[in-house]
Amino acid sequence: MNRALRCAQLSCSPTCSNAVIFSNWMALTRGFVFQALAVLLVLFVSGCGGSNSSSTPPPSPSPPSPPPPSGTPSVTLSSLVSGLSNPLDFQVPDDNSGRIFIVQQAGTIRIINNAALLPTAFLDITSKVNFDSAEQGLLGLAFHPNYSQNARFYLNYDRLSGGQIQTVIAEYRPSTDPNQADPASERILFTVNQPFPNHKGGQLAFGPDGFLYIGLGDGGSGGDPLGNGQSKQTLLGKMLRIDVDHMDSGLQYAIPTDNPFVGGGGLPEIWAYGFRNPWRFSFDRSTGRLFVADVGQDKFEEVDLVQKGENLGWNIMEGAHCFNPPSGCNMSGLTMPITEYDHSEGEVVIGGYVYHGTAIPALAGAYVFGDFSNGKIWELTEGS
């Protein structure tokens, strides 16, 4: 059943009538004035939507509007630390230290410990990273699920190699000081040549199955001119799934035996395909379901629930609408988003998390996500 997006936020437009929820999902919205240095907002830095643009304009604060209606959860955001530069990801390892690791796009990782920003970077690889002040740079960090035992973590960054832009997926380890990584410990798992400067994806995350999932964009330009999203013979425009605890012959990782194209029909690393720029994704820690926010082209932003072997539609579809061709497209075999909204509501979707905390009971079980272009935050809930 489709339900309209109901508006209940400071920065929301009066009706929210241009957002559509598919299947049995519904949503409430609420907003905030963007604070670039708030730790909770570091995911909102570099998604980039639109056609051929490779840079993202800074969000503008929205004017105040009436308070949310009665019954809407009240959420207040505040800055935890200042002094960060281009923060775009944060992760917390399983070592019970309470440390928060902040990824800065130019190529450094900082640590917040006991609500204070440590003066020395955990890792500095700025000499390796191709930071273009737009969509390239150090884009993602994931700690191994057994980090407290094996001290391994993984990065997604862009580099230039002989003038060729490459995505690099690499493993690192800390030094004898747990607050200092060892730059010389790098082990590159694989690289992917990139045809254009934008649409790099960037997220890394370990799934509940212990495998590493990697979101890669379609390689850029506008409209996916090389058809990477629909081609299963390239890693671009895909969700990948690899085993970092073992190595197959000739590889620095292993292919999980139940990946959908192990037996043929596509590259064996592919878990799902048909993405434009899956900038941020996460697993529901209760159900294990994979939520992916895929940044749209010129008209629609979408959130997907992604399963093994699925085709999420790009560049045949943008959201739930025909893109190539603009009408009468063949939708057979495509998985539609669980929600979309058009560019009157926001232009760069930023994926979030399913909330299982206790501080805000009204958000329990809701998927909380936002939009970089205007600082809105939405709560997406599953109906009966």
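Reader: What is the torsion about the S-S bond of C322 and C329?

Author: This is a predicted model, in which local features need pLDDT of at least 70 and side-chain atom pairs count only at pLDDT 80 or more, while totals for chains, interfaces and linings use all residues. Residues are numbered from 1 along each chain as its sequence is written, and side-chain values use heavy atoms, with hydrogens and water left out. A disulfide, taken here as a pair of cysteine sulfur atoms within 2.5 Å, joins C322 to C329 with an S to S distance of 2.0 Å. The disulfide is left-handed because its torsion is about -80 degrees.

Reader: Which cysteine of the pair C322 and C329 counts as buried?

Author: Relative accessible area is found with a 1.4 Å probe on protein chains only, and buried means under 20%, exposed over 50%, and partly exposed in between. C322 has 24% relative accessibility, so this cysteine counts as partly exposed. At 11%, the buried cysteine is C329.

Reader: How much of the protein is buried?

Author: The protein exposes about 15,100 Å², of which carbon and sulfur atoms supply 53%, the areas coming from the Shrake-Rupley method with a 1.4 Å probe, where for residues only the protein chains shown count as cover. Among the 384 residues, the buried share is 56%.

Reader: How many strands does the protein have?

Author: Helices (H or I, at least four residues) and strands (E, at least two) are DSSP runs, numbered from the N terminus. Beside one helix, the number of strands comes to 26.

Reader: What share of the contacts with a separation of 6 or more is between residues 24 or more positions apart?

Author: A contact means heavy atoms within 4.5 Å. Once the contacts are limited to a separation of 6 or more, the share from residues 24 or more positions apart is 58%.

Reader: What is the volume of the largest cavity?

Author: A cavity is a set of points, on a 1 Å grid over the protein atoms alone, where a 1.4 Å probe fits but cannot get out, and lining residues have an atom within 4 Å of a point. Grid points are joined across faces, edges and corners, and a volume is the space filled by probe spheres set on the points. The count comes to one cavity of 30 Å³ or more, and the lining of the largest includes R276, D294, E302 and W314. Its volume is about 50 Å³.

Reader: What is the relative accessible area of E302?

Author: E302 lies in strand 20, residues 300-306. Leaving aside residues up to four places away in sequence, E302 touches V292, D294, E318 and V349, among others. E302 counts as buried because its relative accessible area is 6%.

Reader: Which residue does a cis peptide bond join to W314?

Author: Most residues other than glycine have a negative phi, and most peptide bonds are trans. A cis bond here has an omega of about 10 degrees, and the partner sits in the loop between strand 20 and strand 21 (317-318). The residue joined to W314 is N315.

Reader: Which residue in the loop between strand 7 (108-113) and strand 8 (116-117) has a positive phi?

Author: N86, in the loop between strand 4 (25-31) and strand 5 (87-91), has a positive phi near 50 degrees. In the loop between strand 7 and strand 8, a phi of about 65 degrees, in a residue that is not a glycine, belongs to A115.

Note on methods
On a 1 Å grid over the protein atoms alone, a cavity is a set of points where a 1.4 Å probe fits but cannot get out, and a pocket is an open set with protein on both sides within 12 Å along at least five of seven lines; lining residues have an atom within 4 Å of a point.
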